[in-house]
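Work through three short exercises with the coordinates open. Each solution follows step by step.

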Amino acid sequence: MFERIMIPTDGSKFAARSKDVALEIAKRFNSTVVAVHIIDDKLIYPFEVLEEEGKSILNNVREDSEKIDLNVEEVLIVGSPIHDMEKIVKKTNSDLVVIGTHGKTGLEKLIMGSVAESALKTVKVPVLLVK
């Protein structure tokens, strides 16, 4: 049913919950997991720091996927989590997106808006929101 399940993650506890749900679904359907971390192009931290953090977050998804014998692909890009989700879904040929309803909070959320809400509005494949 779902051949490629995309898991956008920012490393938050909400993203960890959505990852667990996505891996359960992927195991049931023997799906390929597409782990995605977007380095927000609006952040002003040194790129090397953000890149290392992103690699670490994706590595966590890889390790959990491999523990249950799932194929996993990692996507680390610089862009806009709000605006680039649909493009990433298309480029990775994902047919399901599993995303947490909350991620970064406070000022970051106020400036960036809701990634999950944006995914619901723009992505053309099914989107599963996980609380």
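A polar contact is a pair of N or O atoms within 3.5 Å; within protein, one must be able to donate a hydrogen and the other to accept it. Keep in mind that this is a predicted model.

**Exercise 1.** Find the side chain that makes a polar contact with the side chain of D10, then decide whether that residue is buried or exposed.

*Solution.*
- Start from D10: the side chain of S12 makes a polar contact with its side chain, at 2.7 Å.
- Place S12 in the fold: this residue lies in the loop between β1 and α1.
- Apply the cut-off: buried means under 20% relative accessible area.
- S12 has 14% relative accessibility, so it counts as buried.

**Exercise 2.** Give the strand order of the open sheet and name its edge strands.

*Solution.*
- The five strands run in the order β3-β2-β1-β4-β5, with parallel pairing.
- β3 (72-79) and β5 (127-130) each pair on one side only, which makes them the edge strands.
- Neighbouring strands are turned by 20 degrees against each other on average, direction ignored.
- Check one pair: two bridges join β1 (residues 4-8) to the parallel strand β4 (residues 96-100).
- Within this pair, I5 stands opposite L96 in β4.

**Exercise 3.** State which strands helices α1 and α3 touch as they pack on the sheet.

*Solution.*
- Helix α1 (residues 13-29) touches β1, β2 (32-40), β4 and β5.
- The direction of α1 makes about 150 degrees with that of β4.
- Helix α3 (residues 85-92) touches β1, β2, β3 and β4.
- The direction of α3 makes about 150 degrees with that of β1.

Note on methods
Residues are numbered from 1 along each chain as its sequence is written. This is a predicted model: local features need pLDDT of at least 70, side-chain atom pairs count only at pLDDT 80 or more; totals for chains, interfaces and linings use all residues. Side-chain values use heavy atoms; hydrogens and water are left out. Two strands pair if DSSP finds at least two bridges between them. Helices (H or I, at least four residues) and strands (E, at least two) are DSSP runs, numbered from the N terminus. Axes are lines fitted to C-alpha atoms, for helices over the stretch in contact, and angles run from 0 to 180 degrees between N-to-C directions. Contact means heavy atoms within 4.5 Å. Buried means under 20% relative accessible area, exposed over 50%, partly exposed in between (1.4 Å probe, protein chains only).
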